[in-house]
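Please give a brisk structural report on this chain. Cover the helices, the sheets, the core and the backbone outliers.

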Amino acid sequence: MKDNRNLELIKERLNILDVVSTYIKLEKAGSQFRARCPFHNEKSPSFYISPARGTYHCFGCSEHGDIFGFTMKIEGLQFKDALKMLADKAGVSLSNFRKEEVGNVLDILENTTIFFEENLKNNIDAQNYLKSRGLSTEIIKRFRVGFAQNDWRTLYTYLQKLNYSDEEILSSGVCIRHEKDNKVSLYDRFRSRVMFPIMNASGKVVAFTGRIIGMDEGRDEVAKYVNSPETETYHKSSILFGYDKAKMEIGKTKKVIVVEGQMDVVMTHMAGTQNVVAISGTAFTPEHISILKRFAEVVVLALDSDKAGYNAMLKSASLALQSDLEVEGIKMTNKDPADMVKTDPKMWDEAVKNSKPILTLIAEIIKEKESVRPKQIQLMRKDLFPLLRVVKSPLLKQAYLQEIAEILNVAPNIIQEEVDLIKSELEGQIKKEKKIVPKIDILTIVAKGKAASEILKIKLELDMEEIPDDILNKEHILLEKSLSEVKAGDEKEKERILREAIYLAKKVIYENAIMIAKNKIGEGVDMEENLKIIQEFSKKLKNI
């Protein structure tokens, strides 16, 4: 049975304001506190906290509960793991609880982190690698960087000795099940890798990224990075690497810098820029935006200068702009943030100081990339104008129009006509869709979106960890918002919005398939065969 005395003791020691303010910015509202709800997208605060009752309630989405419910919801945990997390914070022993009532996954991940840290102390090659990348001893300790030995069962054996069951170890994601000749065994997921623990907003380890070093480094069949799988404690679409260490500075500056990789975060923090987080090789998601909006008003994109980084910047900018965030960009050279800091920290400081409004930066990049004027315009039409279309502030849109018009030396109204034309072309594409759905609700679109996601996973036969389960969530959120703004009774407008949402959802899945296939070049996957699979998949997609 649960020991309710311990539950009450945790509540006594942990004020709900202390727990909630770790995740979102609160403002006083009479005897209560309020904030923008972290569980749904909103402009005006409808999330209220009552310190007297120790509860919260959102009048927008009806979420409510106490510190346990809040922690479970925001961290994506089951009760047992939320209980363990809050008990640790409160300094309350859970010895009176039955073992099965206290989650072991977080314990396993913590012990694994300690194990990797100890390994690093005893491995000169791993230490030399980190030293060659410019990491100081202090920053290695702060981010708890470790090392996974080049062995198949060292970690597994260590965890067994700590009396964790195979089921618990598998649930943590640090080991993999292997079946042969009707025999089942476990082996370590990470081998010969420098290990970066991934932590949730509370600083608890929930997953790992491992970077290969040693004799296997550079081999085509060996992935450079290996990540933990999705688990009950780790959902990569809602985790930003370094957020636990950056959130206080983000709250102070109201600004967050988004980079690509863990090493970029570690090095920039070492250089003194504390408001930096990483998307860690995954796509920027609505969940990421929701997390950042808790404290930030400005998002600064500092993604790599290669083609993949440029495309990621475009997609990330679009999502942030649609969420009413100010978006800036840092012009990257052939050096990523980590390399800048290693070469000269002042180079990184200057790059941060010279960040520009994102549309201005993209216009400048395009102008530098293409010297021929018609090609400049074609690129701006493809990459820049769609972003201009999603800028919501009329004043900001007008300022961008004026600036881009000056760059192209044309009248602002010509740019606006181009933006309107792009919108018309999109609507034209939607009309070409063979299957018209006159009546359909949001839940149906969500259901079909997830079904399409599952088809994608089966058809591609690639590493499925690279496909976020909620890939279509961005479209769902935008759809919900768009429908809420339609005047009552305007069924034709609702129908148009729904058809557009279906079209865009299909487009997102298809583009994601192509991106994954391209990322597999050099990893022993036949590109031509992948593209054939994608082409077949796109035909099936039309019938969804």
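## Helix H8 and its surroundings

Asn163 follows H8, and its phi is positive, near 70°. The model is a predicted one.

Helix H8 spans residues 154-161, and its buried residues are Leu155, Tyr156 and Leu159. These residues lie on the same side of H8 because the arc they cover around the axis is only 100°. They pack against two helices and two strands. The helices are H5 (105-121) and H9 (166-172). The strands are E7 (175-180) and E8 (183-188).

## Overall make-up

The chain has 544 residues, and 46% of them are buried. It holds 23 helices and 16 strands. Among contacts with a separation of 6 or more, 64% join residues 24 or more positions apart.

The exposed surface of the chain is about 27100 Å². Carbon and sulfur atoms supply 50% of that area.

## The nonpolar cores

How many residues does the largest nonpolar core have? The number is 116. Ile10 and Ile358 have the most contacts inside this core.

A second core is separate and has 19 residues. Its members include Ile169, Cys175, Met195 and Met199.

Ile358 can be followed further. Leaving aside residues up to four places away in sequence, Ile358 touches Leu301, Met313, Ala317 and Leu321. Val327, Glu328, Gly329 and Tyr400 are also touched by Ile358.

## The five-stranded sheet

One open sheet is formed by five strands, in the order E1-E2-E3-E4-E5. The pairing is antiparallel. Which strands are at the edges? They are E1 (27-29) and E5 (64-65), and each pairs on one side only.

Strand E4 covers residues 55-58 and pairs with E5 over two bridges, in the antiparallel sense. His57 stands opposite His64 of E5.

## Strands E14, E15 and E16

Strand E14 (residues 298-301) and strand E15 (residues 326-329) run parallel and are joined by four bridges. Val299 has Val327 in E15 as its bridge partner. Between E14 and E15 the chain passes through helix H13 (residues 307-322). This β-α-β crossover is right-handed.

E15 also pairs with strand E16 (residues 356-357). That pairing is antiparallel and has two bridges. Here Glu328 has Pro357 in E16 as its bridge partner.

The core residue Ile358 ties in with these elements. Among the residues it touches are Leu301, Met313 and Val327. Strand E14 runs over residues 298-301 and strand E15 over residues 326-329, while helix H13 takes in residues 307-322.

## Positive phi in two loops

Lys254 is not a glycine, yet its phi is positive, near 60°. Lys254 sits in the loop between helix H10 (243-253) and strand E12 (255-259). Is Lys254 exposed or partly exposed? It counts as partly exposed because its relative accessibility is 23%, and that class lies between the 20% and 50% cut-offs.

Asn409 is likewise a residue other than glycine with a positive phi, about 60°. Its place is the loop between helix H18 (394-408) and helix H19 (412-431). Asn409 has a relative accessible area of 68%, so it is exposed; the cut-off for that class is over 50%.

Notes:
Residues are numbered from 1 along each chain as its sequence is written. This is a predicted model: local features need pLDDT of at least 70, side-chain atom pairs count only at pLDDT 80 or more; totals for chains, interfaces and linings use all residues. Side-chain values use heavy atoms; hydrogens and water are left out. A nonpolar core is a set of buried Ala, Val, Leu, Ile, Met, Phe, Trp, Tyr and Cys residues joined through side-chain atoms within 4.5 Å. Buried means under 20% relative accessible area, exposed over 50%, partly exposed in between (1.4 Å probe, protein chains only). Contact means heavy atoms within 4.5 Å. Accessible areas come from the Shrake-Rupley method with a 1.4 Å probe; for residues, only the protein chains shown count as cover. Two strands pair if DSSP finds at least two bridges between them. The arc is that of the directions from the helix axis to the C-beta atoms. A crossover is right-handed if, with the strands pointing away from the viewer, the path from the first strand over the helix to the second runs clockwise.
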